[in-house]
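User: Could you take a close look with me at one part of this structure? I'd enjoy a connected walk through it and then onward to whatever else stands out.

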Amino acid sequence: MIVTVQQHIAHQQDSIYPGASGTFSWLLSGITLATKMIQARIRSAGLLDVAGAAGATNVQGEVQQKLDVYANEALLHCLGVRDTVAILVSEENEEPVAFDRAPETGKYIVIFDPLDGSSNIDVNVSVGTIFSIFLRPEKASSVRHAAALQKGAQQVAAGYVVYGSSTMFVYTAGRGVFGFTLDPNIGAFVLSHDKMRMPDQGQYYSVNEANAPNFPAPYQSYLGQLRDGSLGRTYSSRYIGSLVADFHRTLLKGGVFLYPPTKSHSSGKLRLLYEANPLAFLAEQAGGLATDGSRRILDIQPEGIHQRTPLVIGSRVEMEAFDRVMRSESH
Ligand code: AHG
Ligand code: MN
Ligand code: MN
């Protein structure tokens, strides 16, 4: 039986907000439409370059756009025309984009990383789009940013699309994690992974080993435990360099992904609002955990819309072991 993401969201919405007016599913349809446009452009990126090689333009006469600019424009457009959107925050926009909408219609704030892992595009490696959705706070905030600076625990929904060997849409609205695979023949995301659960323990750890010599000592000890069998199994290392792809594997297979503080990024490289928060919501909904090394990601009060954070995210056994090491070694 085919269940599309629209049907699933509408059903979820009825159970979340009985009698809701369909605004939530209308909002999410903006994201699914934009990501279908993005995936179409990604799948033909090489061709566009070849076509573009004839001059500065491609066969459609468009100026060749970098994919993350295109992805950003697609999301800003598809979401901007939905009147339920009050504010958009994007990795690619220094300032939030606010729409002058009455609070009773403009209810949602959508925060996104339009193209995650963009350095991998040119070598045909999986990339993704990540999104995080909040309700606009009741009290009108004097600072426009303030409305977007909510703790991750306040998210009403979060998810990502991974443009991999297949294109998958994975989301949670606080009642479990659901995965949909794009069926190119009908152009719809179809339910393929119902109620996704992260295994209690996995067999992969995922970290950029090149930065390891500069990780704080507790991280070094923890990596030692993963390598020497202290957690009761030998681990293999997998690092794709696209957060969405590394997380998607961790969600399906278990294990742990780490982006610790490094020499060049002392507070970590990944962004709290549009990378760590949405994935932390998904991880917890699937039975996993996510911290910045000492605090639960979803409890962190953001100070700025582009602030960075260390991120350690994965299944229960690996995360409890990490917590033990951090407690015993950090004082
Ligand atoms: P983005 O392409 O949105 O800037 O994100 C890239 C991030 C993330 O996808 C990945 O986990 C990380 O950069 C990889 O960083 P390193 O190359 O430093 O390991
Ligand atoms: Mn990113
Ligand atoms: Mn990005």
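How far apart are the closest N and O atoms in the salt bridge that R316 forms with E320?

Analyst: Happy to! Please keep in mind that this is a predicted model. In the salt bridge between R316 and E320, the closest N and O atoms are 2.9 Å apart. Both residues sit in helix α9, and because they are four residues apart there, about one helical turn separates them. E320 has a relative accessibility of 35%, so it counts as partly exposed. R316 is partly exposed too, with a relative accessible area of 30%.

R316 also has a salt bridge to D200, where the closest N and O atoms are 3.1 Å apart. That pair reaches across distant parts of the chain: D200 lies in the loop between β8 (188–193) and β9 (204–206), while R316 belongs to helix α9 (residues 316–329), 116 residues apart. D200 is partly exposed, at a relative accessible area of 43%. Put together, D200, R316 and E320 are linked in a network of salt bridges.

This network is part of a wider set, as the salt bridges come to nine in total. Another one of them joins E284 and R296, with 2.8 Å between the closest N and O atoms. Here again distant parts of the chain are linked, since E284 is in helix α8 and R296 is in the loop between β12 (289–291) and β13 (311–314), twelve residues apart. E284 is partly exposed, with a relative accessible area of 25%, and so is R296, at 33%.

Helix α8 also leads us to the metal site. The manganese ion (ligand 2) has D113 (OD), D116 (OD) and E275 (OE) as its protein donors, at 1.9 to 2.1 Å. Along the sequence these donor residues follow the spacing D-x2-D-x158-E. D116 lies in strand β3 (residues 108–116) and E275 in helix α8 (residues 272–285), so this pair ties together parts that are 159 residues apart in sequence. D116 counts as buried, at 4% relative accessibility, and E275 is buried as well, with a relative accessible area of 6%. D113 has a further role in the geometry: it bridges the manganese ion (ligand 2) and the manganese ion (ligand 3), which lie 3.7 Å apart.

The donors bring us to ligand 1. This ligand is surrounded by 15 residues, and the closest are D116, G117, Y239, Y259 and K269. An N or O atom in the side chain of D113 is 3.0 Å from an oxygen atom of ligand 1. A polar side-chain atom of E275 lies 3.4 Å from an oxygen atom of this ligand, and for Y239 the corresponding distance is 2.6 Å. On its own, ligand 1 has 470 Å² of accessible area, of which the protein covers 80%.

Let me finish at the surface. V123, V125 and I240 make a nonpolar patch of about 210 Å² there. V125 is found in the loop between β3 and β4 (127–135), and its relative accessibility of 30% makes it partly exposed. Strand β3 therefore links two parts of this tour: D116 of the manganese site lies in it, and the loop that holds V125 runs between β3 and β4.

How values were computed
Residues numbered from 1 in each chain as written. Chains lettered and ligands numbered in written order. Predicted model: local features only at pLDDT ≥ 70, side-chain atom pairs only at ≥ 80, totals over all residues. Heavy atoms only, no water. Donors = N, O, S within 2.8 Å, 3.2 Å for Na, K, Ca; no water. Buried < 20%, exposed > 50% of the residue type's maximum accessible area, 1.4 Å probe, protein only. Patch = residues over 30% accessible without salt bridge, like charges linked within 9 Å, V, L, I, M, F, W, Y side chains within 5 Å. Areas by Shrake-Rupley, 256 points an atom, 1.4 Å probe, with all protein chains shown as cover. Salt bridge = Lys/Arg side-chain N within 4 Å of Asp/Glu carboxyl O. Near = heavy atom within 4 Å. Polar contact = N/O pair within 3.5 Å; in protein donor to acceptor, adjacent residues only side chain to side chain.
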